[in-house]
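Here's a walk through one protein model, going from its strands to its ligand and then to a few odd spots. Keep the 3D view open as you read.

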Amino acid sequence: MVRAYVGLGANIGDPVRQLKQAIRLIQDTPDIQVRTCSSIYRSDPVDYLNQPDFYNMVAELETTLSAEALLRRCQEVEQELKRVRVIRYGPRTIDIDILLYDQLLIQKENLEVPHPKMKDRSFVVLPLAEVVGDTERFLIPGTSESLGDWVKQIGNPRGILKLEPMLTKREEEKTNVENRKC
Ligand code: ADP
Ligand code: MG
């Protein structure tokens, strides 16, 4: 069993619902167990500004799948939720990225782990810190830094809001999705 972390994001359709559906599909995979889910964080779009807010979360998984097989499964889930991506960094129904896979460093054309852009993204680092807990002792493979260092570097970020469970519940009620423990 390997511990892996995935980051999920959505900003069109019904983002909260899509995040929860994606978690459910990942959980339904025979070789994957979802251990912990972060809260959902809402943030202003960054690269391409003229689009709706983003909703992001991180899940801690245990899996017997290889990193490549986990990537394929994440891409299948994206397809199942009919991800539409017209513009790079633009709107998407769901995006699932592998952030970390055990202590492995992977540098392949189709898979880079640790995810190369996660360090500067508060919408990844903050939910990751939430599921990890002891961020000081959580070392990032391939770096001499801990997750705690990254959290400090992000400081007090603007434009990101950790949604209260009540709010996500209200958004769920609006969309008729059951409240499931991840
Ligand atoms: P984004 O960069 O916005 O996540 P995509 O989800 O379309 O864009 O990903 C583009 C490509 O990134 C995928 O085809 C995938 O092979 C590659 N990729 C490289 N490293 C990773 C990773 N750690 N997790 C997910 N996809 C990755
Ligand atoms: Mg992606």
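## Strand 4 and its partners

Let's start with strand 4, which is largely enclosed by the rest of the structure because nine of its 10 residues are buried. Keep in mind that this is a predicted model.

Strand 4 covers residues 54–63 and runs antiparallel to strand 1, with nine bridges joining the two. If you want landmarks for that pairing, R3 sits opposite E62 of strand 4, and G9 has N56 as its bridge partner there. Strand 2 also pairs with strand 4, again in the antiparallel sense, over five bridges. E62 turns up here too, as the bridge partner of Q33. Then there's strand 3 (residues 41–43), which makes three bridges with strand 4, also antiparallel. In that pairing, look for S43 across from F54.

## Strand 1, and on to strand 5

Strand 1 takes in residues 2–10 and is mostly covered, with seven of its nine residues buried. Besides the pairing with strand 4, strand 1 has six bridges to strand 5, and those two strands run antiparallel as well. G9 is a handy residue to click on: it stands opposite D95 in strand 5, while its bridge partner in strand 4 is N56.

## The overall layout

Zooming out, you'll count five helices and eight strands. Their order along the sequence is β-α-β-β-β-α-β-β-β-α-α-β-α. The protein has 182 residues, 32% of them buried. Of the contacts with a separation of 6 or more, 69% are between residues 24 or more positions apart.

## The nonpolar core

In soluble globular proteins, nonpolar side chains tend to be buried together. Here the largest nonpolar core has 41 residues, and the ones touching the most other members are V6, L19, A22, A59, I98 and L99. Strands 1, 2, 4 and 5 each give two or more residues to this core, as do helix 1 (15–27), helix 2 (67–80), helix 3 (122–132) and helix 4 (147–154).

A22 is a good place to see how this works. Setting aside neighbours within four places in sequence, A22 is in contact with L8, V77, L81, I94 and I96.

## Around ligand 1

Which residues surround ligand 1? They are L71, D95, D97, I98, N110, L111, E112, V113 and H115. By type, that shell divides into four nonpolar, two polar and three charged residues. Strand 5 (95–101) and strand 7 (112–113) each supply at least two of the shell residues, and strand 5 gives the largest share, at three. Two of the names in the shell, D95 and I98, have come up already: D95 as the residue opposite G9, and I98 among the core residues that touch the most other members.

L111 is another one to look at. You'll find L111 in the loop between strand 6 (106–107) and strand 7. Is L111 buried or exposed? Somewhere in between: L111 has 15 other C-beta atoms within 10 Å, so it counts as partly exposed. Leaving out residues up to four places away in sequence, L111 touches A67, E68, L71 and I106. L71 and L111 are 40 residues apart in sequence, yet their C-alpha atoms are 7.8 Å apart in space.

## Two backbone oddities

Just past strand 7, a cis peptide bond joins V113 and P114, with omega at about -5 degrees. P114 belongs to the loop between strand 7 and helix 3, and V113 is one of the residues around ligand 1.

The other spot is D102, in the loop between strand 5 and strand 6. Its phi is near 50 degrees, a positive value in a residue other than glycine. D102 counts as exposed because it has 12 C-beta neighbours inside 10 Å.

## How far to trust it

The average pLDDT is 89, and 86% of the residues score at least 70. Residues 176–181 are another matter: pLDDT stays under 50 there, and the model has seven contacts beyond four places in sequence for this stretch.

Notes:
Residues numbered from 1 in each chain as written. Chains lettered and ligands numbered in written order. Predicted model: local features only at pLDDT ≥ 70, side-chain atom pairs only at ≥ 80, totals over all residues. Near = placed C-beta within 6 Å. Helix = DSSP H or I, 4+ residues; strand = E, 2+ residues; numbered from the N terminus. Nonpolar A, V, L, I, M, F, W, Y, C, P; charged D, E, K, R; others polar. Buried ≥ 20, exposed ≤ 12 C-beta atoms within 10 Å, placed from the backbone. Pairing = 2+ DSSP bridges. Contact = placed C-beta atoms within 7 Å. pLDDT = per-residue confidence, 0-100. Core = buried A, V, L, I, M, F, W, Y, C linked by C-beta atoms within 7 Å.
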